[in-house]
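Please work through the exercises below with the sequence and the coordinates open beside you. Each task is followed by a solution in steps.

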Amino acid sequence: LQRFWHFLDAYFDRELDAAFGDLTVWELRFVVDSNASNEDLTWGRTYLKAYRPDQIWTNEHWRYAMSVRTDVGYRQSDHEFTNYKELISAGGKCGPRAFF
């Protein structure tokens with residue numbers, strides 16, 4: 001229920017992508033069922049807007065996907081990570097990159 005309120009508040013505060021309101025229930029299940037904390041989700045939105053605005057405004061098909069390639073190094077993780085902020089510096093293969 002907390003995740004619902006988190007996304008509802010973010011939606012009405014216009015923090016989410018404009019296409020968010022057009023997602024189907026099937027698509028939304030992939031969005032809201034993230035293992036990220038609400039704090040990590042808020043941080044991620046802020047991070048992309050501040051440091052990667054070029055990747056927010058790309059075409060709809062690949063929007064947001066480029067940050068995995070450009071910001072999360074493809075390598076063995078340098079250190080353990082417990083949140084998404086640390087994941088960027090740790091890097092990783094497959095799993096960590098998929099979660100970001």
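**Exercise 1.** Which residue follows H1, and what is the sign of its phi?

Solution. This is a predicted model, in which local features need pLDDT of at least 70 and side-chain atom pairs count only at pLDDT 80 or more, while totals for chains, interfaces and linings use all residues. Residues are numbered from 1 along each chain as its sequence is written, and side-chain values use heavy atoms, with hydrogens and water left out. Helix H1 spans residues 2-12, helices being DSSP runs of H or I with at least four residues, numbered from the N terminus. Arginine 14 follows H1, and its phi is positive, near 60°.

**Exercise 2.** Identify the buried residues of H1 and state where they lie around the axis.

Solution. Buried means under 20% relative accessible area, exposed over 50%, and partly exposed in between (1.4 Å probe, protein chains only). In H1 the buried residues are Arg3, His6, Phe7 and Ala10. They lie on the same side of H1, because they cover an arc of only 90° around the axis, the arc being that of the directions from the helix axis to the C-beta atoms. The buried residues of H1 pack against helix H2 (25-32) and H3.

**Exercise 3.** Is aspartate 40 buried or exposed, and which residues does it touch?

Solution. Aspartate 40 belongs to helix H3 (residues 38-51), and it counts as buried because its relative accessibility is 8%. Leaving aside residues up to four places away in sequence, aspartate 40 touches Asn83 and Tyr84, where contact means heavy atoms within 4.5 Å.

How values were computed
Helix = DSSP H or I, 4+ residues; strand = E, 2+ residues; numbered from the N terminus.
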